[in-house]
Amino acid sequence: MQDSNSNSNSNTNAKAARIVYLTRVETFSCAHRLHSKLLSDEENKRIFGMCNNFHGHGHNYKVEATLRGEKAVMEPLDHKNLDKDVPYFANVVSTMENIAVFIWDSLQKLLPPGLLYEVKVHETKKNVVVYRGE
């Protein structure tokens, strides 16, 4: 429902939920053979060529899995003064360890139980904290 004082051209402080896409990249190596049991050996060799090698052939695969959701976790932190703009840090020192805990707690509210394994926060190129909810 729109505010009676707003229109499509107004610039208000309220932002629509932002949608973000989080992608995880993984790699794996395996072998396979392109061969159909419905075809003769000659037909398989003609259709699949070298990929029909009896012993198979290998690949190094890269997989990307992407989740879609609202920008619920980073929105409270991005371009903010943590100590002044994020209520959680009003009485909690904004160390990178506590930032990791804050992100963990925020994600836990959005994900099914047991799905979140780790939150890693890079403060600088050399300083990284890992939190696993322990």
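**Notebook: contacts, core and pocket**

I began with W104. Setting aside neighbours within four places in sequence, I found W104 in contact with L116, Y117, E118, V119, Y131, R132 and G133. I note that this is a predicted model.

Where does W104 sit? I placed W104 in helix α3. Is W104 buried or exposed? W104 has a relative accessible area of 7%, under the 20% cut-off, so W104 counts as buried. I then checked one contact by distance. From C-alpha to C-alpha, W104 and Y117 are 9.3 Å apart in space. In sequence, 13 residues separate W104 and Y117.

**Entry: the core**

Next I looked up the largest nonpolar core. It has 17 residues. Which of them touch the most other members? They are L77, F89, I103 and V119. I listed the elements that give two or more residues to this core: α3 (96-110), β3 (119-122) and β4 (128-131). Helix α3 gives the largest share, seven residues. I wrote a general remark beside this. In soluble globular proteins, nonpolar side chains tend to be buried together.

I followed F89 further. Leaving out residues up to four places away in sequence, F89 touches L77, L82, D83, S94, N98, I99 and F102. L77 is on that list, and L77 is also among the core residues that touch the most other members.

**Entry: aromatic rings**

How many aromatic pairs does the structure hold? I noted five. I took down two of them, beginning with Y88 and F102. Their ring centres are 5.1 Å apart, with 50 degrees between the planes, and the pair is tilted. This pair links distant parts of the chain. Y88 is in the loop between α2 (82-85) and α3, F102 is in helix α3, and the two are 14 residues apart.

I compared how open the two partners are. Y88 has a relative accessible area of 30%, so I marked Y88 as partly exposed. F102 has 11%, so I marked F102 as buried.

Then I turned to F89 and F102. This pair is also tilted, at 5.6 Å centre to centre and 50 degrees between the planes. F89 is in the loop between α2 and α3, F102 is in helix α3, and they are 13 residues apart. Both F89 and F102 are buried. Ring pairs join Y88, F89 and F102 into a cluster.

**Entry: the largest pocket**

How much space lies in the largest pocket? I recorded about 1100 Å³. The lining has 25 residues, and the closest to the pocket's centre are L22, L67, L107, L111 and L116. L116 was familiar to me, since L116 is one of the contacts of W104. By class, I found 17 nonpolar, two polar and six charged residues in the lining. β1 (19-32), β2 (57-70), α3 and β3 each supply at least two lining residues.

**Entry: two loop residues**

I ended with N52 and H79. N52 is in the loop between α1 (41-48) and β2. Its relative accessible area is 8%, so N52 is buried. Not counting residues up to four places away in sequence, N52 touches R33, L34, H35, D41, N44 and K45.

H79 is in the loop between β2 and α2. Is H79 buried or exposed? The relative accessible area of H79 is 78%, over the 50% cut-off, so H79 is exposed. I also looked up its backbone angle. Phi of H79 is near 55 degrees, a positive value in a residue other than glycine.

Note on methods:
Residues numbered from 1 in each chain as written. Predicted model: local features only at pLDDT ≥ 70, side-chain atom pairs only at ≥ 80, totals over all residues. Heavy atoms only, no water. Core = buried A, V, L, I, M, F, W, Y, C linked by side-chain atoms within 4.5 Å. Buried < 20%, exposed > 50% of the residue type's maximum accessible area, 1.4 Å probe, protein only. Helix = DSSP H or I, 4+ residues; strand = E, 2+ residues; numbered from the N terminus. Contact = heavy atoms within 4.5 Å. 1 Å grid on protein atoms, 1.4 Å probe; cavity = no way out; pocket = protein on both sides within 12 Å on 5 of 7 lines; lining within 4 Å. Points joined across faces, edges and corners; volume = space filled by probe spheres on them. Nonpolar A, V, L, I, M, F, W, Y, C, P; charged D, E, K, R; others polar. Phe/Tyr/Trp six-rings, centres within 6.5 Å; stacked < 30°, edge-to-face > 60°.
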